[in-house]
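Subject: Structure for you to look at

Hello,

Here is the structure I said I would pass on. Please have it open while you read the notes.

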Amino acid sequence: MDDTGLNAVSTLADRVRRAAYREVASAGGAPVGRDDVAASLGIGRTLAAHHLDKLVDAGLLEVTYARRSGRTGPGAGRPAKLYRVAADAEHEVSLPPRTYRTAAELLAEAVERTGAEVALFDVARTHGRATRTPSAEVADRLEAHGYLPVEADGRIELRNCPYHRLAEQFPPLICGMSLATVEGLVEDTAWSARMDPAPGRCCVTLSKNKTD
Amino acid sequence: MATFHLAHFNAARLRAPLDDPATAGFVAGLDPINALADRSPGFVWRLAEEGATVTPVDDVIATLSVWESLEALRAFTYQSEHLDYVRRRRDWFVPLGYRASLVLWWIPAGTLPTPQEGVTRLRRLGEHGPTAEAFTFRAPFPAPDEVTGAAPPSPLPARPA
């Protein structure tokens with residue numbers, strides 16, 4: 001058994017480091033600086049940088065460099081070291097070994113080959129309905145399903161695709177399943193979901209229903 | 001200028017005739033989606049007569065198109081409004097009974113594929129799985145001029161010896 005996943009997860013055993021990871025992860029794919037992490041966690045910048053670099057070593061985060069606050073040209077200073085979630089590095093730890101991803105791939109291919117998408121979407125919509133908490137806000141409902149909702153101007157974008165790998169392999173099937181799940185999750189609210197693909201985020205977006 | 005272009009063939013059987021309300025959503029999307037394809041980066045050519053001459057069977061709809069690269073076709077197919085159209089395909093279509101409904105293969109740039117060739121490639125994909133002659137998005141093969149070295153292309157991830 002490959003220990004990559006186990007190593008990645010054990011890097012998160014430290015409580016402060018775990019909080020640092022969550023801080024970066026909650027930004028979706030947007031890069032975050034060590035100062036931001038230090039401020040939100042109430043720790044020093046050096047300690048924050050130490051934990052962030054450990055997370056990079058473990059393959060959980062990746063580093064980008066950029067000038068912050070739009071300064072350019074001479075005097076703008078050197079680019080800041082920023083961190084973001086390594087979206088393509090997924091880690092799965094199962095003890096004893098279980099390979100649900102393989103099972104999902106086989107099932108997806110079978111659904112596609114037999115043309116059973118309508119049944120899948122129906123199952124997904126029912127799942128969304130059954131797992132929603134009526135008292136919860138839309139953002140919390142989406143959060144509970146692994147989407148990273150970001151609301152702006154009456155529109156919600158989802159910064160994480162809970163089915164990322166599978167969605168890349170079977171886009172119409174898995175994105176359709178995801179859309180149906182979200183529809184089921186929010187159909188009793190003022191929000192509606194639609195397919196709105198763009199790189200770097202979930203292909204589903206939500207918008208406020210017109211009230212008139 | 002690339003020496004090879006990517007040919008794409010896709011075929012499925014209609015659940016109802018094209019003048020039936022059940023397929024209205026498909027018919028309504030045809031013009032906008034074709035227009036979207038035509039102006040997409042990397043688009044080269046498509047067979048304009050939708051389905052009409054592809055097979056002797058009236059209820060089979062096929063699309064045949066040529067693209068500059070796999071990335072260009074993927075961007076149009078899965079990262080544009082086309083994704084929502086293809087998501088709804090089972091509202092309008094049933095699979096033909098081959099193991100796949102979509103097949104890709106490389107052609108010399110400047111040549112055009114025929115629908116008959118598309119059917120042959122689809123059948124080949126069903127019989128032999130993905131090969132350099134007939135493959136899919138999930139198991140792509142590089143264009144012949146991109147293949148370097150003597151090793152045959154493989155859809156499987158490289159494994160340490």
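The notes below cover the domains, the cores and chain B.

This is a predicted model, in which local features need pLDDT of at least 70, side-chain atom pairs count only at pLDDT 80 or more, and totals for chains, interfaces and linings use all residues. Residues are numbered from 1 along each chain as its sequence is written, while chains are lettered from A and ligands numbered from 1 in the order in which they are written.

Chain A has domain 1 (4-85) and domain 2 (100-208); such bounds come from an automatic or database domain assignment. Their centres, taken over C-alpha atoms, are 28 Å apart.

The largest nonpolar core (buried Ala, Val, Leu, Ile, Met, Phe, Trp, Tyr and Cys residues joined through C-beta atoms within 7 Å) holds 32 residues. Buried means that 20 or more other C-beta atoms lie within 10 Å of a residue's own, with C-beta atoms placed from the backbone. L158(A), I174(A), V186(A) and V204(A) touch the most other members. Helix α9(A) gives the largest share, nine residues. A second, separate core of 27 residues includes W67(B) and W92(B).

Chain B has five helices and five strands (DSSP runs, H or I of at least four residues and E of at least two, numbered from the N terminus). Of its 161 residues, 27% are buried.

Regards

Notes
Buried ≥ 20, exposed ≤ 12 C-beta atoms within 10 Å, placed from the backbone.
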